[in-house]
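Biologist: I would like a close look at a single part of this model, followed outward to whatever it takes part in. Please give the cut-offs behind each term as you go.

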Amino acid sequence: MSGDKSWLDRFRSMQTGLVLVAAIIIASIAGTVIPPQDWTGSAGTWYNRLQLNDVFHSWWYAGLLTLAALNLIACSFYRLTTLPKRRGEKPLFNSGQIAQFQKQTRFLITGNYSDICARVVKLLKMRGYETWHDSQSGEYRVGAQYGGLSTWGSLITHFSFLIVMLGVLIGAVFGFQGSINAPVGAVFGLDSIPGSGVAPGTTGFKVQIDDFHIERYADSTPSGYFSRVSIIEEQAAPQDATIGVNQPLNYKGVKFYQAGYGEAIEVLITSADGKPLKSGLVMPGQRFAIPGTDYTATAAIPAASQPGYDLGTASQLAYAIFQGNQHIKTGETGFDMPVVIGSQGHTVRLVKTVPYTGLLVKKDPGVPLIWLGSFFLLCGMAMSFFMRPHKLWLVLRADGARIMVTVGGTASKNQVVLAESIEAISNEIKRLSNLQTGDLTDKGVLVDANV
Amino acid sequence: MYENMVFSAAFALYTAAILLYVWELASKRKVVGRFADYVTALGWAANTLALIMRYVSAGRLPLANGYEFLVAFAWGIVLFFLWVQYRYRFKSVGLFLLPVVWVLLAYIAVEMPSSQKMVSPLMPALKSNWLSVHVATAILSYGALALSFALAVMFLVKESCNQHNSRMAELCQSLPAMEVLDESCYRFITVGFFLLSLVIISGAIWAEQAWGAYWSWDPKETWSLITWLIYAACLHVRQTYGWRGRRSSVIAVIGFAAVLFTFFGVNYWLAGLHSYA
């Protein structure tokens, strides 16, 4: 039989899906426990080839996810084609057939036969069942379905993933992400953000950093980091905005997140005769060249590594000097004090510190689809799990002055709910009767009619 | 100080309840089990009070660090348990479930350094309304999954008793019917799985706001996905291949192990963005 299956049938099967899920589980576990490290030798080759330092961004993990996505797509569309067929079926059973069901009961009631039949159907409808019925060889046969919509639940759940995947794809194709450390006072456009890949001159607006500050609790632990910015656009007044942790700024689909902060150091380099050669901001640890020499230098703020350090409170700065790649000297200096470098008498002054804010800048037009897909995912799951789908089959047969009622049911998921429903409906039908005369499933014991 | 006493009271009452459930099983006296249910309810009341006291002293929902989450986790498990006892009165579930609660609280009492138990102000990344949604659903989800775990273990115990026909078989007879255990385990998995999805989605929404990415393969995120996939597989094989009973129970046990690892293991062995709880 399995030889007849096409490759597509096999690919969209649950078996393939489960194998892929198992593979993803194993790969994910591996991805979280394999520490990034430097391997040497043949182990290192494999380590690098499989990108084990970053499994989640490796080619083979992406491949696994893609296969799983394709499996899900194929299986969802296949289910879509089979669903209407299954929903159309409305079978009915006679009492003999229901007696074969695993979950069923049978009891006698009294009352007017046709009246009771009508009231049973009405009762089922009131309880939210969809019903169908007929009369055949003295039996009034009723079929009732509860939570029929639940069949759609699984389909909605699976299709919701397609929406999410579409969102991920759109984000990957049309989105960008970059980050920038922007000193207070700086103005930048999206095209100047490293990693954003935005073409120069295409951004439309610029962002100016007006201020960065840290708010603190009474015990001096930080309670918030805030950047005040102005959005500058041609032919428009600047707009003020504040960016904080958990409060990104969203402007024209571009989101700015507070991601870090620190202090940049303003450096002034002069020649021996006092002529300024170069000035500008450098980040702590960033190499800068001394013009006209083969010297480079770095500057840092030693106090910044102390716990509880507050921006702008450093009193000493540190520097290191290199000639070529060779480390020449390390030292500390006060603000705006000349440090002489090399034989030609160049001086470097670390003039002051300027706070900078670290911003993550991002555009992801796929995000709304992710949330839409998530919403459908939850709806689909709720339908599929909590609508308590089941079907009941009832037969009413006139038995002398009394009516024999047979109630049975089936449920694909929830046998306990089915048993409860059969019991509940049976009790309600008994209540329809003027006088309850006995419950045959109770081994002939008469039940108190006082309900 | 008082909070500590209330915590200890909850711990003591849960411990007493476990012993009473053992006694119930051994003596086969229904009234003992009933009494144990009430002791558990009392323990839960103390557990609730401990959370309320923390809420008052912190001035925010007590869901922000490892201690608060564990106390709330225990609370969530017992909440589901009490609901089940009220609704169905399953015998001996407490015997299998409360030890999970006991271990969580014992960990706080014995292992957790007191610095981690103190009320600490929220770090900026946690200052979001999503904190309550995300953590509250996590507590309910884990509560439901813990219950499914206990039911699965009961199924496996009962099955092995029946197979070996040992002296234990007699004791196991008083456990609920295997079909009931299997079915209820499945139902709690669906509840826990639905809530787990909500936890992951609310986490993604929050992460998109706080970190700028709805998904960053952080160990916590990845492990929640692993847990989710295990339960998803469990539901699929049940529905499609009719894996019920033992196989389904084994997956439920593995799934809950993944839940615990997502909470504890990730914090202790794997570093990541999600390092507060």
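How many residues does α9(B) have, and what distance does α9(B) reach from its first C-alpha to its last?

Modeller: This is a predicted model, in which local features need pLDDT of at least 70 and side-chain atom pairs count only at pLDDT 80 or more, while totals for chains, interfaces and linings use all residues. Residues are numbered from 1 along each chain as its sequence is written, and chains are lettered from A and ligands numbered from 1 in the order in which they are written.

α9(B) has 23 residues and spans 32 Å from its first C-alpha to its last, close to the 33 Å expected at 1.5 Å a residue; the expected span is 1.5 Å times one less than the number of residues in the helix. Helices here are DSSP runs (H or I, at least four residues; strands are E, at least two), numbered from the N terminus. Just after α9(B), B:G242 takes a positive phi of about 65°.

The helix also belongs to the contact between the chains, to which chain B gives 35 residues and chain A gives 36 residues, two residues being in contact if their C-beta atoms, placed from the backbone, lie within 7 Å. On the side of chain B that touches chain A, the elements giving two or more residues are α8 (178-210) and α9 (219-241) of chain B, although the largest share, 14 residues, comes from α8(B). By class, this side of chain B holds 21 nonpolar, 9 polar and 5 charged residues, where Ala, Val, Leu, Ile, Met, Phe, Trp, Tyr, Cys and Pro count as nonpolar, Asp, Glu, Lys and Arg as charged, and the others, Gly among them, as polar.

Turning to the domains, chain B is divided into domain 1 (1-121) and domain 2 (135-277), with bounds that come from an automatic or database domain assignment. Taken over C-alpha atoms, the centres of the two domains of chain B are 20 Å apart, and their contact takes 21 residues from domain 1 and 19 residues from domain 2. On the domain 1 side of that contact, α3 (66-87) and α4 (93-111) of chain B each supply at least two residues, and α3(B) gives the most, with 10 residues. That side of domain 1 of chain B divides into 15 nonpolar, 4 polar and 2 charged residues.
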